[in-house]
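Reader: I'd like to learn how to read salt bridges. Could you walk me through them?

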Amino acid sequence: MKPLPAEDLPTFLKRFGNFVDSEFRHIEIISPTIIKIILAGQDSARGFDWITVGFEFSGIGDARLLDNSKLSHVDMSEGINIIYEDDMYGFGTGNCTSLSSIKSSTLFIVSKNIKYQENIF
């Protein structure tokens with residue numbers, strides 16, 4: 001997995017179109033402070049082919065997660081957003097612009113660190 005620095009967030013999200021109309025594949029709670037999420041989305045760097053992207057969040061400060069059986073019901077028409085504010089990363093569904101708006105998302109994670117890994121579809 002590669003770290004996702006705060007300065008790379010806009011480029012990363014643009015590359016995947018903010019994961020609009022993507023789908024959640026899996027959530028795994030590794031420990032109380034580490035969570036992994038797998039999403040399927042279109043990659044503009046690969047001719048908009050579908051790939052899976054795994055995220056690992058560590059140093060969890062707050063989160064609202066769903067059971068894996070309910071992930072297919074999450075509305076992804078607005079995609080996701082990842083922001084960096086107050087030395088924390090906020091990951092949430094929808095068009096969020098601050099940590100407080102992230103915390104009103106259907107699914108969100110606030111963490112100290114975030115890493116990602118690209119995989120085949």
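Author: Sure, general idea to begin with: a salt bridge is a side-chain nitrogen of Lys or Arg within 4 Å of a carboxyl oxygen of Asp or Glu. A word on sources: this is a predicted model, where local features need pLDDT of at least 70, side-chain atom pairs count only at pLDDT 80 or more, and totals for chains, interfaces and linings use all residues. Residues are numbered from 1 along each chain as its sequence is written, and side-chain values use heavy atoms, with hydrogens and water left out.

Reader: How many salt bridges does that rule give here?

Author: Seven. Take E118 and R15: their closest N and O atoms are 2.9 Å apart. E118 lies in strand β7 (residues 108–120) and R15 in helix α1, so this pair ties together parts 103 residues apart in sequence. Helices (H or I, at least four residues) and strands (E, at least two) are DSSP runs, numbered from the N terminus.

Reader: Which residues are linked with R15 in a network of salt bridges?

Author: D43, R46 and E118. The D43–R15 bridge has an N to O distance of 2.7 Å, and it joins strand β3 (residues 34–43) to helix α1 (residues 9–15), 28 residues apart.

Reader: Is D43 buried or exposed?

Author: Buried means under 20% relative accessible area, exposed over 50%, partly exposed in between (1.4 Å probe, protein chains only). D43 has 0%, so D43 is buried.

Reader: What about E56 and K36?

Author: Their side chains meet in a salt bridge at 3.9 Å, N to O. E56 is buried at 18%, while K36 is partly exposed at 31%.
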